[in-house]
Amino acid sequence: MLLYRKMIVCLCLVISFVACKKTSPAGPATAGSSTHTPNFAVEYFQSAQVQNGKFAIFDLNHTDNADKQFFVVSLIPGSSGFSDSATVITAPVSINNIAASWPAQVTSAAFGHSMNMVTDAKNGVSSNAGSPWQYGPLQTNSNLYRKLNDPQYAGSMAGKKPYGNNAMRTQYRPGPSYHDYLGLYRDITYYFRDGVYTTNVQGAPALPFDSLFDGAAQIDWKTIDQVVKADVEDAGTHIHYYSRFLFFDWANWRYWVVAETEKVALYPSYSPVYYVGFNVRGPLSLDKFCKWPQGWGKK
């Protein structure tokens, strides 16, 4: 079983009734003429679980709910589990196709999955088995509320709207003397515009993105809007399980891919240490991410 079962689950799981019909949409609208511009991407939820490698892409930034739409993509298989591109598997439909009565005042979101989203540090919106959307405050006694609002865990970001949350392994750095690789996970909450992340560890401060993993400085973090995550199993390696992160910059119409890979450290008189490294690719044009539906494109 893939390690995405270890992901940090922020809100309770619910069931999606969204149809999953393949389509061949037309190309993207030209820049500046788009009716729909993506402003939120999240893991897709269907059949009582998150669908690995599938993402829902939303345009929530409209006053009228009738104009709020989403469509679903699936990463294309590649030599390392997935390629860096996706195919559209459902055509754009109204957000009401998930559930009725989306709160009209909500025009953006923070993280979650396609039926259960944190909208800011204190509120969320969800649908239980296709029931009408419910919008309201997060439970103040929950770990989710604590890590977003308690300065002991959120540091200087306490109370600020986050723009992503997922589990990510720690960075192993071989030293001159032997030390083992533990492969521990961090609970990463992203504050892209502020250039920092938190780890849900008591007393730990918000940290600059350049410290997130080796090579992180290649990404222009303050322009990122969202992150999504997929998991890969590779039985031909020592570690077997890896994650792939996609960081989207809607305004500049680009994205970065960060793929976990297996690396090895050699020490005299010790067995090789196999560990997870991070391979950064990008920026890549979002025109190459998928064949955007008609009317969707750069703002």
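Here a student and a tutor talk through some salt bridges and buried residues in a predicted model.

Student: What makes Asp187 and Lys147 a salt bridge?

Tutor: Their closest N and O atoms are 3.0 Å apart. The cut-off is within 4 Å, for a side-chain nitrogen of Lys or Arg and a carboxyl oxygen of Asp or Glu, so the pair counts.

Student: Which parts of the chain does that pair tie together?

Tutor: Asp187 sits in strand 10 (residues 185–191) and Lys147 in helix 1 (residues 143–149), so parts 40 residues apart in sequence are tied together.

Student: Why is Lys147 called buried?

Tutor: Buried means under 20% relative accessible area. Lys147 has 1%, so the word fits. Asp187 has 8%, so Asp187 is buried as well.

Student: Okay, what about Arg193 and Asp225: how do you know that they meet in a salt bridge?

Tutor: Same kind of check. The N to O distance is 2.7 Å, and the limit is 4 Å, so Arg193 and Asp225 pass.

Student: And is Arg193 buried or partly exposed?

Tutor: Arg193 has a relative accessible area of 46%. Partly exposed runs between 20% and 50%, so that's the label for Arg193. Asp225, at 14%, falls under 20% and therefore counts as buried.

Student: Where does the Glu260 and Arg169 pair fit in?

Tutor: Those side chains meet at 2.6 Å, N to O. Glu260 is in strand 15 (residues 254–265) and Arg169 in strand 9 (residues 165–169), so the pair ties together parts 91 residues apart in sequence. Both residues are buried.

Student: How many salt bridges are there in the whole structure?

Tutor: The search finds 10.

Note on methods: Residues numbered from 1 in each chain as written. Predicted model: local features only at pLDDT ≥ 70, side-chain atom pairs only at ≥ 80, totals over all residues. Heavy atoms only, no water. Helix = DSSP H or I, 4+ residues; strand = E, 2+ residues; numbered from the N terminus. Buried < 20%, exposed > 50% of the residue type's maximum accessible area, 1.4 Å probe, protein only.
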